[in-house]
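Here is a quick walk through one model, taken a few contacts at a time. Keep the viewer open and follow along.

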Amino acid sequence: MTTLESGQRACVTKPNARFMLSHPAHLLAQGFGSGLSPIVPGTTGTLFAWLSFSTLTARWPAWFSPLHWAIIIAAGFVVGIWACHRTGRDLGIPDHGSMVWDEIIAFWLVLLVLTPSDFNTQFWAFLWFRFFDMVKPAPIAYFDRRLKGGFGVMWDDIIAAFYTLLLFALWRTL
């Protein structure tokens, strides 16, 4: 048993494939399994985002156009609030490390804004996004501490995506 920030006691569940497949929210929040990586699940989720964005865009460009990606990302953010809230509640930890849907949506946003771009640009975007997501410079850390539930899980990664895009915008003006 563990005590949540709200003072409630909850049983902490270890995430595994059985847990992930037990509810659609878990499958989504855990990035279709990418969040179950035993090492650096957030980085693995971001790699999944990069691979899926590149593959889907190359394979079905009419279906995965910039407009469709924008709709997918917006809808994914909203659905992610529910999925991450439900999964965090069921795991007993509101922002469990196995929940990577927030990284996926945020990095899709980065790739959408930077597209078209070459591998080198995408690689640097990946590295900078991971840096901002892990280090959590202000105000990311503020939002990470203050905003709880599914919205809090999703929002701090959107700010990390904003920082990544801001860095690229500044770099391009030099």
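## Salt bridges and their network

The structure holds six salt bridges. Keep in mind throughout that this is a predicted model.

Three of the salt bridges are set out here.

| Pair | Closest N and O atoms |
|---|---|
| Arginine 130 and glutamate 103 | 4.0 Å |
| Aspartate 133 and lysine 136 | 3.5 Å |
| Lysine 136 and aspartate 156 | 2.9 Å |

Take lysine 136 and aspartate 156: this pair links distant parts of the chain, with lysine 136 in the loop between H6 and helix H7 (140-146) and aspartate 156 in helix H8 (residues 149-173), 20 residues apart. Now back to arginine 130, which forms its salt bridge with glutamate 103. That pair links distant parts of the chain too, since arginine 130 sits in helix H6 (residues 119-135) and glutamate 103 in helix H5 (residues 101-114), 27 residues apart.

Which residues are linked in a network of salt bridges? They are Glu103, Arg130, Asp133, Lys136 and Asp156.

Are arginine 130 and glutamate 103 buried or exposed? Both are buried. Aspartate 133 also counts as buried, because its relative accessibility is 5% and the cut-off for buried is under 20%. Aspartate 156 has a relative accessible area of 1%, so it is buried as well.

Lysine 136 has something else to show in its backbone. This residue lies in the loop between H6 and H7, and its phi is positive, about 55 degrees, although it is not a glycine.

## Loops with unusual backbone

The same loop, between H6 and H7, is also the place of proline 139. The peptide bond leading into proline 139 from alanine 138 is cis, with omega near 0 degrees.

There is another cis bond to look at, running from threonine 115 to proline 116, again with omega near 0 degrees. Proline 116 is found in the loop between H5 and H6.

Over in the loop between H2 and H3, you'll find valine 40. Valine 40 isn't a glycine, yet its phi is positive, near 35 degrees.

Serine 37 is in that loop as well, between helix H2 (24-29) and helix H3 (41-59). Is serine 37 buried or exposed? With a relative accessible area of 18%, serine 37 is buried, because the cut-off is under 20%. The side chain of serine 37 makes a polar contact of 3.3 Å with the side chain of threonine 44.

## Helix H3

How does the span of H3 compare with what its 19 residues should give? At 1.5 Å a residue they should span 27 Å, and the end C-alpha atoms are 26 Å apart, which agrees.

The buried residues of H3 are Pro41, Gly42, Thr43, Gly45, Thr46, Ala49, Trp50, Ser52 and Phe53. What do they pack against? Their partners are helix H4 (66-91), H5 and H6.

Arginine 59 is found in H3 too. Its relative accessible area is 55%, so arginine 59 is exposed; the cut-off for exposed is over 50%. From C-alpha to C-alpha, arginine 59 and phenylalanine 119 are 17 Å apart in space, with their positions 60 residues apart in sequence.

## Aromatic rings

How many aromatic pairs does a search of the whole structure find? The search gives 22. One of them joins phenylalanine 107 and phenylalanine 126: the ring centres are 6.1 Å apart and the planes lie at 85 degrees, so the pair is edge-to-face. Phenylalanine 107 lies in helix H5 and phenylalanine 126 in helix H6, so this pair ties together parts that are 19 residues apart in sequence. Both of these phenylalanines are buried.

Ring pairs also link a cluster made of Phe32, Phe48, Phe53, Phe64, Trp69, Trp101 and Trp108. One of these, Phe53, already came up among the buried residues of H3.

To pull the H5 and H6 story together, these helices are linked by the salt bridge of arginine 130 and glutamate 103, and by the ring pair of phenylalanine 107 and phenylalanine 126.

Methods:
Residues numbered from 1 in each chain as written. Predicted model: local features only at pLDDT ≥ 70, side-chain atom pairs only at ≥ 80, totals over all residues. Heavy atoms only, no water. Helix = DSSP H or I, 4+ residues; strand = E, 2+ residues; numbered from the N terminus. Buried < 20%, exposed > 50% of the residue type's maximum accessible area, 1.4 Å probe, protein only. Polar contact = N/O pair within 3.5 Å; in protein donor to acceptor, adjacent residues only side chain to side chain. Salt bridge = Lys/Arg side-chain N within 4 Å of Asp/Glu carboxyl O. Expected span 1.5 Å × (residues − 1). Contact = heavy atoms within 4.5 Å. Phe/Tyr/Trp six-rings, centres within 6.5 Å; stacked < 30°, edge-to-face > 60°.
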